[in-house]
Every structure is written in C-alpha cells, then in structure tokens.
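The following note is meant for a colleague who is meeting this structure for the first time. The points are numbered so that each may be checked against the coordinates in turn.

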Amino acid sequence: QVQLVESGGGSVQAGGSLRLSCVASGSFRSLEVIRWYRQASDKERELVAGVTLDGNTNYADSVKGRFTISRDNAKNMVTVALQMNDLKPEDTAVYYCNAGGLRYYSGSYTPPGREFWGRGTQVTVSS
C-alpha cells in the first residue's frame with residue numbers, strides 16, 4: 001500500500017505563491033499517476049493537476065499557466081510538488097493528493113479504480 005502526506009498549505013494574499021508537496025511512500029515499484037485535487041467549501045472535489053510516471057502532465061483550465069506539477073521518483077517514495085503562482089481567492093480550498101496505478105514489486109498492479117488519498121492541506125487566498 002501507499003501513504004500520502006501533503007504539506008505546504010497556508011494563507012497568502014492574491015497574487016502570491018505557495019508550493020505544495022505530496023510524499024507518497026510505501027513498498028511499491030512504481031505509481032503510475034499522481035494527482036492534486038481540491039475541494040472548496042460547499043463545492044465538489046475537482047481535479048487540479050496530474051502527472052504520470054513518464055512525466056506527462058495535465059491541468060484544469062482554471063490553473064493553466066499558473067500552476068506547475070512535478071514529480072521525483074525514488075525507491076519506495078515519490079514526491080510530487082505543485083507550484084502555485086498568481087494565486088486567486090477562488091483557489092482557496094483543501095488540496096488533496098491522490099495516487100493510482102500502484103505496481104508492486106511482484107509486478108502486479110492494484111485493481112482499476114483503486115486509489116489512495118492524503119488527508120489534505122488547506123490553502124487560503126485573501127483578496
């Protein structure tokens with residue numbers, strides 16, 4: 001299995017920057033994809049950005065050009081960063097790290113749809 005721990009949240013003024021970090025650790029050969037989601041008060045959780053094992057990235061339209069996701073792979077650990085620039089009040093939310101496509105050392109994968117979640121980190125942007 002894998003544990004996800006987020007850090008780096010905080011409070012900033014509009015136009016400021018924050019860098020979130022997600023550390024995925026456990027006994028695994030690889031993680032196919034890691035994503036950042038966010039959930040604002042009274043809203044559904046939404047995908048912010050994702051990065052695959054081979055480095056392909058995708059972003060929500062609302063964050064393109066402002067957010068950058070990156071990952072660093074190590075043995076039994078993957079670190080994913082989300083650099084957030086030019087933050088806006090509408091970026092205020094709890095940000096969650098999500099991982100899927102875990103491959104064990106045996107070579108097998110977790111079942112499709114099996115995903116792992118962190119507990120989240122709060123980001124607050126004031127105007």
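1. Asp42 counts as exposed in this predicted model, because its relative accessibility is 85% and the cut-off for that class is over 50%. The residue sits in the loop that runs between E4 and E5. Its phi angle is near 65 degrees, a positive value in a residue other than glycine. Most residues other than glycine have a negative phi.

2. Asn76 also has a positive phi, of about 60 degrees, although it is not a glycine. The loop between E7 and E8 holds this residue. With a relative accessibility of 24%, Asn76 is classed as partly exposed.

3. The overall fold may be described next. The chain has 11 strands and 0 helices, and the order along the sequence reads β-β-β-β-β-β-β-β-β-β-β. Its radius of gyration is 14 Å, close to the 14 Å that the globule rule gives for 127 residues, so the chain is as compact as a globular protein of that length. Taken along the principal axes, the C-alpha atoms fill a box of roughly 50 × 25 × 25 Å.

4. Burial and surface can be stated for the chain as a whole. Of its 127 residues, 38% are buried. The accessible surface comes to about 6600 Å², and carbon and sulfur atoms account for 47% of that area. Where contacts join residues at least 6 apart in sequence, 59% of them link residues at least 24 apart.

5. Which residues touch the most other members of the largest nonpolar core? They are Leu31, Trp36, Leu82, Met84 and Tyr95, in a core of 31 residues. Two or more residues come from each of strand E1 (2-7), E3, strand E4 (30-39), strand E5 (46-52), strand E7 (67-74), E8, E9 and strand E11 (121-126). The largest share, 5 residues, is that of E9.

6. Tyr95 deserves separate inspection. Leaving out residues up to four places away in sequence, Tyr95 touches Glu6, Leu20, Trp36, Tyr37, Arg38, Val48, Phe67, Leu82, Met84, Gly120, Thr121 and Val123. Trp36, Leu82 and Met84 are thus among its contacts, and these three are also named among the residues that touch the most other core members.

7. The structure holds 1 disulfide. It is formed by Cys22 and Cys97, whose sulfur atoms are 2.0 Å apart. The link is left-handed, with -80 degrees about the S-S bond. Cys22 belongs to strand E3 (residues 18-26) and Cys97 to strand E9, so the pair ties together parts that are 75 residues apart in sequence. Both cysteines are buried.

8. Is Asp91 buried or exposed? Asp91 is buried, because its relative accessible area is 0% and burial requires a value under 20%. The residue lies in the loop between strand E8 (77-84) and strand E9 (93-103). A polar atom of the Asp91 side chain is 2.8 Å from the backbone nitrogen of Lys88. Apart from neighbours within four places in sequence, Asp91 is in contact with Arg38, Arg66, Phe67, Asp86, Val123 and Val125. Arg38, Phe67 and Val123 appear in this list and are also touched by Tyr95.

9. Val5 is placed in strand E1 and counts as exposed at 53% relative accessibility. Beyond residues up to four places away in sequence, Val5 touches Ser21, Cys22 and Val23, so one of its contacts is a cysteine of the disulfide described in point 7. From Val5 to Arg71 the separation is 66 residues in sequence and 14 Å in space, C-alpha to C-alpha.

10. Gly15 is found in the loop between strand E2 (10-13) and E3. At 47% relative accessibility, Gly15 is partly exposed. Residues up to four places away aside, Gly15 touches Asp86 and Leu87; Asp86 is also in contact with Asp91. The C-alpha atoms of Gly15 and Met84 are separated by 9.9 Å, and the two residues lie 69 residues apart along the chain.

Terms used. Residues are numbered from 1 along each chain as its sequence is written. This is a predicted model: local features need pLDDT of at least 70, side-chain atom pairs count only at pLDDT 80 or more; totals for chains, interfaces and linings use all residues. Side-chain values use heavy atoms; hydrogens and water are left out. Helices (H or I, at least four residues) and strands (E, at least two) are DSSP runs, numbered from the N terminus. Buried means under 20% relative accessible area, exposed over 50%, partly exposed in between (1.4 Å probe, protein chains only). A polar contact is a pair of N or O atoms within 3.5 Å; within protein, one must be able to donate a hydrogen and the other to accept it, and residues adjacent in sequence count only if both atoms are side-chain atoms. Contact means heavy atoms within 4.5 Å. A disulfide is a pair of cysteine sulfur atoms within 2.5 Å. A nonpolar core is a set of buried Ala, Val, Leu, Ile, Met, Phe, Trp, Tyr and Cys residues joined through side-chain atoms within 4.5 Å. The radius of gyration is taken over C-alpha atoms; the globule rule is 2.2 Å times the number of residues to the power 0.38. Accessible areas come from the Shrake-Rupley method with a 1.4 Å probe; for residues, only the protein chains shown count as cover.
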